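Q: I am new to this structure and would like a close look at one part of it. Please pick a loop, describe what lies on either side of it, and then follow the thread to other places that can be described in the same plain way.

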Amino acid sequence: MSTKTDNKSTLSFHVSGMHCASCATNISRKLSKTTGVTEAAVNYANEQATVTFNSDQVTTDTLVAAVSSVGYVAHIEDDGDIAEVERAKELQSLKSKLQVSGVLSVLLIASMVPAVPEFLHNPWVLMVLATPVQFWVGKRFYQGAWSGLKNFSANMDTLVVLGTSVAYFYSVVVTIFGAQFTEAGIETHVYFEAAAAIITFILLGKYLEIRAKAQTSSAIKELLNLQVKTALVKKGREWVEVPTDQVKVGDTLLVKPGEKVAVDGQVSKGESSIDESMVTGESMPVSKQVGDAVVGATLNKSGSFEMKATKVGSETMLAAIIRSVKEAQGSRPPIQALVDTIASYFVPVVIVIAVATFGVWMIIGPEPRFLFALVSMINVLIIACPCALGLATPTSLMVGMGKGAQLGVLIKDARALEIANKVSAVVFDKTGTLTEGSPTVQAAVFVTGAEKETVAQLYAVEELSHHPLATALALYAKEKLPSKSSLEVQKFKDISGKGVTAQVAGIAIVIGSQKLLAEQTISIPEQYTNEIQGLMEKGQTVTFMAVKGKLVAFFGIADPVKEKSASVIETLKKMGVTSIMLTGDNKSTALAIAKEVDITEVVAEVLPDQKEKTIRELRKKYPVVAMVGDGINDAPALATADVGIAMGGGTDVAIESAGVTLLRSDISLVPTALSLSKATMRNIRQNLFWAFGYNVVLIPVAMGVLYPTFGIVLNPVLAGAAMAFSSVSVVLNALRLKTTHLE
């Protein structure tokens, strides 16, 4: 999947053949050094590479060749199934090898029991049993180590190969020359069972890890499964079923009850209710009529309707979500830079520690000194696990971002996720975010008794105006009228910022602000002053209507607050986050809305081009500021904030405009997004603590630090089991995010 801006392109693709986190580092390093590539990140957890490059200098063939040169395979044309097919094949291969190595390892370990048949004590028999495990079952480790060696780097496979090979070949030498060692008075012991058991345990850990990793990418799989395979397209006078990838923009499609919408489009005939939960997370079906937009992969619940395709293929909303989630899962949060630096030095340092351990015990170790030193060195090589470090961050990101997509929270990149964890203030745009975004008449006061006649005149005039307040008045009047008004309007004049004047059936009508009435020398009776003031204090805009130069009615119009706004502000307050309202509306209206939702900090009367500057000022006051807006008009402010959260309503513009996009216009997703960030970062820190702690504690144990005080020497088989468990535990901890409760 790719995106392009000018001559800069970003491409995400699957990479086959990675065995550990060091493999991802090697590929990333090679891609980064390729001429024309500006940025490269390779995610071991989902086997995905994301590369930003100059399209004038780099082709896809260049990227494929770069990946191939370090021993891996890049799948540029990935239809979404390659990773799953390869994972299934690898799991089947590992299962077969585990069955063989498991049986052979049990026989080898049984040789340590005195009561077993005598032939299992024969070192030649043990060598025959261990050899297939070492070289057939363990082939993947030798291939990985050789790949690293060719690229002048070391990885987890290097440690496994060094540790098990030392144990195996030492045992081979003892088996062949055992008599000579005995004659020389040198005590010997074979470690075939250790080498085989280590490979088996690590392979078992790899098998469990791959199975667990498959669950971390379940969100992407579920999104891919939403894609519709066929569509009913109008060809002449007939409806023809065609593959969805053959649908073109402008085609007319038929959607029957119980079927999924094939592509994005617009209802052209009929009406229905659509279940959009699979894409936006919205639980309630949404009514659709002619002219309404429908989203591909959503479910038609009731009536049949026809639609015109507006976006197909990679341009649909679902495709954009899948692309965005994949790229986000492959991105790297700032915390990963430290982890990558440590991981790059990890294996060489472990090798040095292992050699030093051997040397120290050869000098001061107990007899048989050589065997003690050898076992300690093998333990250090086997127990160290760079994979736990490599998996700690990406697995949590994959699960967290996948959970977000299922909830309707689309996180654009890992940086936004990490920063959202630290948000101290959230700035809300008022219109369309805290409020519904469409003004309605909240109060109507008729000065005279001719209400029906006044409403008819109101509708006749205001339906000619396109101002939002006029639309609200026209809708109000339309609902009050028993039938459509047929009054003739003449001399209609729209006075910018003030209102309108007209003649209805020869009668002069003025509808507008108090300023317009003053200009028309129309007075407002004093007895209504307090009532008008009360409406204004509630945040309502008061519009007056005069007939024949006398006031006949006035209306309080306001953009109603969203039902969930107050509870969202309360939730954020409990999370320790300050809520701020930013609006271009007048101060009295803004303060009234703020009071209703319990926001104490208000910045009002701000022009659109001043919002960005206001965000900059707020960032000086608060450590980390998030901005919540509609994703279109607020784009500069969203970009300026530390974290931009777009109330996109599922539009592609919104998906591209901010670090976090809410796929439906539900303000309650704001605290959900922040909670998701906190939960994911907490999970990452837990993983890193375990990965670092595991190595910090167990490497010294493997070196033998417990021997002088407690006489404890770690068995190499236990070292292999511990290493396998470390990687699996990190992945399993990341999977806990799936069941984490969010606000």
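A: The loop chosen here holds Pro-368, which lies between helix H11 and helix H12, the latter covering residues 369-383. The model is a predicted one, and what follows should be read with that in mind.

The peptide bond that leads from Glu-367 into Pro-368 is cis, and its omega angle is near -10°. On one side of this loop is helix H11, which covers residues 334-364. On the other side is H12, which starts at residue 369.

The surroundings of the loop include a nonpolar patch on the surface, made of Val-360, Met-362, Ile-363, Ile-364 and Phe-370. Together these residues have about 480 Å² of accessible area. Helix H11 supplies the largest share of the patch, with 4 residues. Phe-370 is also a member of the patch, and its number falls within the range of H12, 369-383.

One member can be looked at more closely. Met-362 is part of helix H11. The relative accessible area of Met-362 is 32%, so this residue is classed as partly exposed. A residue of a patch must have over 30% relative accessible area, and Met-362, at 32%, meets that cut-off.

Helix H12 also leads to a buried place. Ile-382, whose number falls within the range of H12, is one of the residues in contact with Thr-164. Thr-164 itself sits in helix H6, residues 156-183. The relative accessibility of Thr-164 is 2%, so Thr-164 counts as buried. Apart from neighbours within four places in sequence, the contacts of Thr-164 are Gln-134, Ala-195, Ile-198, Ile-199 and Ile-382.

The cis bond was a matter of backbone geometry, and two other loops have a backbone angle to note. Ala-505 is in the loop between strand E19 (499-504) and strand E20 (507-512). The phi angle of Ala-505 is near 55°, a positive value in a residue that is not glycine. Ala-505 has a relative accessible area of 61%, so Ala-505 is exposed. Glu-605 is found in the loop that runs from strand E24 (601-603) to helix H22 (611-621). Phi of Glu-605 is near 55°, again a positive value in a residue other than glycine. With a relative accessible area of 52%, Glu-605 is exposed.

The elements on either side of the Glu-605 loop are also joined by a side-chain pair. Lys-621 and Glu-601 form a salt bridge, with their closest N and O atoms 3.2 Å apart. Lys-621 belongs to helix H22 and Glu-601 to strand E24, so the pair ties together parts that are 20 residues apart in sequence. Lys-621 is exposed, at 53% relative accessible area, whereas Glu-601 counts as buried, at 17% relative accessibility.

A further salt bridge involves Lys-620 and Glu-617, with an N to O distance of 3.5 Å. These two are 3 residues apart in helix H22, and so about one helical turn separates them. Lys-620 counts as exposed at 67% relative accessibility, while Glu-617 is partly exposed at 42%.

The whole structure has 12 salt bridges. Among the others is the one between Glu-90 and Arg-140, whose side chains meet at 3.2 Å, N to O. Glu-90 is in helix H3 (residues 82-110) and Arg-140 is in helix H5 (residues 139-150), so this pair ties together parts 50 residues apart in sequence. Glu-90 is partly exposed, with 21% relative accessible area, and Arg-140 is buried, with 12%. Lys-564, Arg-664 and Asp-666 are linked in a network of salt bridges.

Strands should be mentioned too. An open sheet is formed by 6 strands with antiparallel pairing, in the order E7-E6-E8-E14-E9-E12. Strand E7 (238-243) and strand E12 (293-294) stand at the edges with a single partner strand each, so one side of each has no neighbour in the sheet. Within the sheet, strand E6 (residues 230-235) and strand E8 (residues 252-255) run antiparallel and are joined by 2 bridges. Leu-232 stands opposite Leu-254, which is in E8.

To return to the starting point, the loop between H11 and H12 holds Pro-368, and the bond entering Pro-368 from Glu-367 is cis.

Key: Residues are numbered from 1 along each chain as its sequence is written. This is a predicted model: local features need pLDDT of at least 70, side-chain atom pairs count only at pLDDT 80 or more; totals for chains, interfaces and linings use all residues. Side-chain values use heavy atoms; hydrogens and water are left out. Patches are made of residues with over 30% relative accessible area and no salt bridge: like charges are joined within 9 Å, nonpolar side chains (Val, Leu, Ile, Met, Phe, Trp, Tyr) within 5 Å. Accessible areas come from the Shrake-Rupley method with a 1.4 Å probe; for residues, only the protein chains shown count as cover. A salt bridge is a side-chain nitrogen of Lys or Arg within 4 Å of a carboxyl oxygen of Asp or Glu. Buried means under 20% relative accessible area, exposed over 50%, partly exposed in between (1.4 Å probe, protein chains only). Contact means heavy atoms within 4.5 Å. Two strands pair if DSSP finds at least two bridges between them.
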